[in-house]
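This report walks through selected parts of a protein model. Please keep the sequence and the structure in view while reading.

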Amino acid sequence: MKKYGLSVLLLLFLLILPVMSRAADNGAHITLDGKELELTADAGIETVSGSIMVPLRLVTENMGYTVGYDNQTETVTINNAESTIKLVVGEATAEVNGAQVPMLVPAKFSGDGASKATLVPLRFVGEQTGAQVGWDNRTKTVYITSAAQDNQDTVLTADGSSEGAEAAPASAESDSSSQLTGLSFGEGRLILAVKGGVTPSVFKMSSPDRIVVDLADTSFSEDFSSSLPLSDTLSGKIDITEISQVQDVRYALFSRDPDAVRVVLDLSGPADYQVTDDKDGLITIDLNTSSSSTAGTQQTGGDDQQTSALPAASGKKIVVIDAGHGGTDSGAVSLNKRLEKDFTLAAVLKLQQILEQDSGLEVVLTRNSDTYPMLQDRVKLANSINADVFISIHGNISPDGGTGPNGVETHYTLNRNSEALAKVMQKYLVQSSGMADRGLKTGNLYVTKNTNMPAVLLECGFLSNPKDEAAMYSDEFQQQLAEGIAAGIKEFLAAS
Ligand code: ZN
């Protein structure tokens, strides 16, 4: 009897073992509002192109959403009182309350897909549910604080406790119908990112010369100050050194009740400009205009003037370089707690310097500081200026949390001439990095799928690997890498 019992136990153990070891392999955890959710081997945490993927049903059901799945169309629908989110496995775009919303990495089935648990990027869950999300690469733990929990905290701490400092500014921004969420100046263009739909009023002033952009009924977004300086009196300034025409960009809450934000470009002399408002959150004031007839004309039209065709008119090839993540999105956290967004920006700024020495190229960055342009904005920017090539720079992390995986890979979508670009870029990426060649990967990453030109996303080493990581944060390696990427871009453009 005893013997029999033992073999049953052993059998049970053997049966359970494969399941357990797979879960243990991964060793990841999810906590939602401080409670650990139970991960199974069928629905665990994976990493795809540096994005942490979490089981959608497990997470959202525990947040009070209803989850449905249509086998026929492979569509997952998530509902609560306020919103409906629909997404299809493999598609880089989800539908949120009827609007198309990008996902850097498309939803996928977990593991080999046999069990059909749907995994989505953690960041997507955060953006669409309003939850705060985080990932600790050392303990392999996903942290989610749901929006409901957040509100609760605000109420609990409203009467005195200082713990709610993070939640407090939320109420300050609800007065205005629009918000300025970020701005940048580069390549002679001032780009404003706004939420809530506002028609800018742009005009010139003289003695001294300046261009003024007024945004009525607009305030600064809560996280504006996380990426740009903003004083207690809600004003700030960025000094511009890259072109002599513009001295600085100033911005301030110009009036209150109703709120209005004013952004001023201080000029060294009179200048013409062209305004493009894509009516979807991106306003560009471009000083690279040669036609004085458009100067001062506010363009508020729709699709017919999407393309300003400015740099193209010069006969230059337009290269859009995208430093992955930024601002509130740190990207992956490295072995030594360094941030992916810092690596990508450092590498991109070096790449910009190299490319700008080529007079046949017009280099446009999606960000040149620690800001977070939305994925849509990055794509829109490239599409609106008819870029010839789009290069997104990222750092990788290992899918299972181990430190082993290392090397470089190039992602692209099977469209246009992206495969030819990917081949050239991977060749130079391997050469210049000296890292292992992990090859080409096809997929539907948002930025490679939705750009209208050959586009690649480069994973320039593993932040989770000690050797790769040490290199990636060294100036010398970044310079070498940037030179390789620049050479790849030039070779591709010369051949295309
Ligand atoms: Zn990344």
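## The five-stranded sheet

S184 stands opposite I191 in strand 15. The model is a predicted one. Strand 14 covers residues 178–186 and strand 15 covers residues 189–195. The two run in the antiparallel sense and are paired over 7 bridges.

Both strands belong to an open sheet of 5 strands, ordered 18-14-15-23-22, in which the pairing is mixed. At the edges stand strand 18 (218–220) and strand 22 (274–277); each has a single partner strand, so one side of each is left without a neighbour in the sheet. From one strand to the next, the twist averages 30°.

## The six-stranded sheet

Another open sheet is built from 6 strands in the order 25-24-26-29-27-28, again with mixed pairing. Its edge strands are strand 25 (361–365) and strand 28 (437–442), and each of these pairs on one side only. Here the twist from one strand to the next averages 20°.

Within this sheet, strand 26 (residues 389–396) and strand 29 (residues 455–462) run parallel and are joined by 6 bridges. I393 stands opposite L458, which is in strand 29.

## Helices on the sheet

Helix 7 packs on the six-stranded sheet, where it touches strand 24, strand 25, strand 26 and strand 29. The direction of helix 7 makes about 145° with that of strand 26.

Helix 8, made of residues 375–384, lies across strand 24, strand 25 and strand 26. Helix 8 runs at about 175° to strand 24.

## The zinc site

Which protein residues are the donors of the zinc ion? They are H325 through NE2, E340 through OE and H394 through ND1, and they lie 2.0 to 2.1 Å from the ion. Along the chain, these donors follow the spacing H-x14-E-x53-H. H325 and E340 link distant parts of the chain: H325 is in the loop between strand 24 (317–323) and helix 7 (340–356), while E340 is in helix 7, 15 residues apart from H325.

Are H325 and E340 buried or exposed? Buried means under 20% relative accessible area. H325 has a relative accessible area of 10%, so H325 is buried. E340 has 1% relative accessibility, and therefore E340 also counts as buried.

## Aromatic rings

A pair of aromatic rings is described by the distance of the centres and the angle of the planes. The count for this model comes to 4 aromatic pairs. One of them is F220 with F224: the ring centres are 4.7 Å apart and the planes are at 50°, so the pair is tilted. F220 is buried, with a relative accessible area of 8%, and F224 is buried at 0% relative accessibility. Together with Y251, F220 and F224 form one aromatic cluster.

F343 and Y473 form an edge-to-face pair, with 6.2 Å from centre to centre and 65° between the planes. F343 lies in helix 7 and Y473 lies in the loop between helix 11 (466–472) and helix 12 (475–495), so the pair ties together parts that are 130 residues apart in sequence. F343 is buried, with a relative accessible area of 0%.

## A charge over a ring

Where does R123 lie with respect to Y372? R123 lies over the face of the Y372 ring, at 4.3 Å from the ring centre.

Conventions. Residues are numbered from 1 along each chain as its sequence is written. This is a predicted model: local features need pLDDT of at least 70, side-chain atom pairs count only at pLDDT 80 or more; totals for chains, interfaces and linings use all residues. Side-chain values use heavy atoms; hydrogens and water are left out. Donors are N, O and S atoms within 2.8 Å of the metal (3.2 Å for Na, K and Ca); water is not among the atoms, so sites may look incomplete. Helices (H or I, at least four residues) and strands (E, at least two) are DSSP runs, numbered from the N terminus. Buried means under 20% relative accessible area, exposed over 50%, partly exposed in between (1.4 Å probe, protein chains only). Rings of Phe, Tyr and Trp (its six-membered ring) pair if their centres lie within 6.5 Å; planes under 30 degrees apart count as stacked, over 60 as edge-to-face and the rest as tilted. A charge sits over a ring if NZ of Lys or CZ of Arg is within 6 Å of the ring centre and within 35 degrees of the ring normal. Two strands pair if DSSP finds at least two bridges between them. Axes are lines fitted to C-alpha atoms, for helices over the stretch in contact, and angles run from 0 to 180 degrees between N-to-C directions. Contact means heavy atoms within 4.5 Å.
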